[in-house]
Amino acid sequence: MIKFFRKIRHKAISETKFGKYFFYAIGEIVLVVIGILIALYLNNKKENADVYKKQQDYLSLIKRETESNLEILRNEREDLGTIIENNRALINLMDSDSAIVSTNENELAELLLMPISRSISIDYENGAFNEFISSGGLKDLKNDSIRGVLRSWESKITTLKDQELAVHKSLNKMINYVEEFGSLRVLFDEISFSEDLGIRNSQRKLTNKSLLKSKQLENILLNYIAVSIQLHDKNYPRFEEDMNTLIRLIENELKN
């Protein structure tokens with residue numbers, strides 16, 4: 001097409017038909033501009049397609065990470081529920097002298113085991129999320145609902161970890177108290193852990209029942225229960241709901 005205009009232009013010049021030459025020169029310029037605009041449009045379209053594809057890949061990875069984190073959270077919450085119930089049982093024992101007498105060492109060891117051995121903490125998988133945020137992908141995300149959830153994600157995890165830390169501090173207090181005033185040897189013997197360690201059961205008459213008469217331990221248990229219930233009944237369920245919402249939003253986005 002451009003060659004056609006050039007031939008006409010040369011002919012117009014040779015015949016000194018400047019009006020026609022001017023018209024065809026303008027036509028040639030317009031064609032060049034249109035060609036440039038088409039090239040820019042196609043390039044921009046390709047860039048947008050690349051950005052969209054990259055976003056879809058990241059969202060797919062974030063969804064898988066969130067599903068994995070959701071499963072971990074449910075397992076942690078289940079174990080935390082056991083810790084809460086054991087701590088309640090211990091406090092109820094401490095409130096009754098007759099119950100303390102009738103409780104045997106094996107029952108007491110079973111109740112003490114989880115509260116002094118199980119640390120509650122979720123090691124969140126967030127590699128894809130962090131990479132997506134650091135790459136600036138969030139600002140290009142057109143789905144407002146997903147963008148809003150992801151924008152507040154780090155603060156939600158921070159809140160959750162703060163509460164997990166409070167539970168962990170109570171765990172440490174419990175461990176320190178039992179180590180100082182109780183007998184891990186008795187506990188290990190009763191749960192058959194001594195055998196696993198290659199240690200024979202103690203021949204001495206030791207007991208952990210004295211722990212049940214301690215006001216200090218009771219206070220530790222009460223605080224332990226309080227922070228654990230906050231995490232178990234409020235923080236974990238809220239975050240589980242947030243994760244389910246994010247998974248659902250991403251699924252809908254990927255379908256579209």
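**Notebook: helix packing and two buried residues**

I began with helix α7 (residues 144-151), and I noted that α7 and α11 pack at an angle of about 145°, their axes lying 10 Å apart. I keep in mind throughout that this is a predicted model. For the handedness, I recorded that the crossing in which α7 passes α11 is left-handed. I then looked up which residues meet there: from α7 they are Ser145, Ile146, Val149 and Leu150, and from α11 they are Leu246, Leu249, Ile250 and Glu253. Sorting the residues of this contact by class, I wrote down six nonpolar, one polar and one charged.

Next I turned to another pair of helices, α4 (residues 105-117) and α8 (residues 153-181), whose axes come within 8 Å of each other and cross at roughly 125°. I entered α4 as oblique to α8, because of that crossing angle. Which residues make up this contact? On the α4 side I listed Leu112, Pro115, Ile116 and Ser117, and on the α8 side Leu171, Met174, Ile175 and Val178. By class, I noted seven nonpolar residues, one polar residue and no charged residues for the contact of α4 with α8.

I went back to α11 to look up Glu240, which is found in that helix. Is Glu240 buried or exposed? I entered Glu240 as buried, because its relative accessible area is 16% and the cut-off for buried is under 20%. Leaving aside the neighbours within four places in sequence, I found Glu240 in contact with Leu70, Leu73, Arg74 and Arg77. With Arg74 there is also a polar contact between the side chains, at 3.1 Å. I added the separation from Asn69 as well: Glu240 and Asn69 stand 171 residues apart in sequence, while their C-alpha atoms are 9.2 Å apart in space.

My last entry concerns Ser214, which I located in the loop between α10 (193-196) and α11 (215-255). I recorded Ser214 as buried, since its relative accessible area is 10%, which falls under the 20% cut-off. What does the side chain of Ser214 reach? I noted that it reaches the backbone nitrogen of Gln216, at 3.3 Å. When the neighbours within four places in sequence are left aside, I found that Ser214 is in contact with Met94 and Tyr177.

How values were computed. Residues are numbered from 1 along each chain as its sequence is written. This is a predicted model: local features need pLDDT of at least 70, side-chain atom pairs count only at pLDDT 80 or more; totals for chains, interfaces and linings use all residues. Side-chain values use heavy atoms; hydrogens and water are left out. Helices (H or I, at least four residues) and strands (E, at least two) are DSSP runs, numbered from the N terminus. Buried means under 20% relative accessible area, exposed over 50%, partly exposed in between (1.4 Å probe, protein chains only). A polar contact is a pair of N or O atoms within 3.5 Å; within protein, one must be able to donate a hydrogen and the other to accept it, and residues adjacent in sequence count only if both atoms are side-chain atoms. Contact means heavy atoms within 4.5 Å. Axes are lines fitted to C-alpha atoms, for helices over the stretch in contact, and angles run from 0 to 180 degrees between N-to-C directions. A crossing is left-handed if the near helix is turned anticlockwise from the far one by less than a right angle, and right-handed if clockwise. Ala, Val, Leu, Ile, Met, Phe, Trp, Tyr, Cys and Pro count as nonpolar, Asp, Glu, Lys and Arg as charged, and the others, Gly among them, as polar. Angles under 35 degrees count as roughly parallel, over 145 as roughly antiparallel, 65 to 115 as roughly perpendicular and the rest as oblique.
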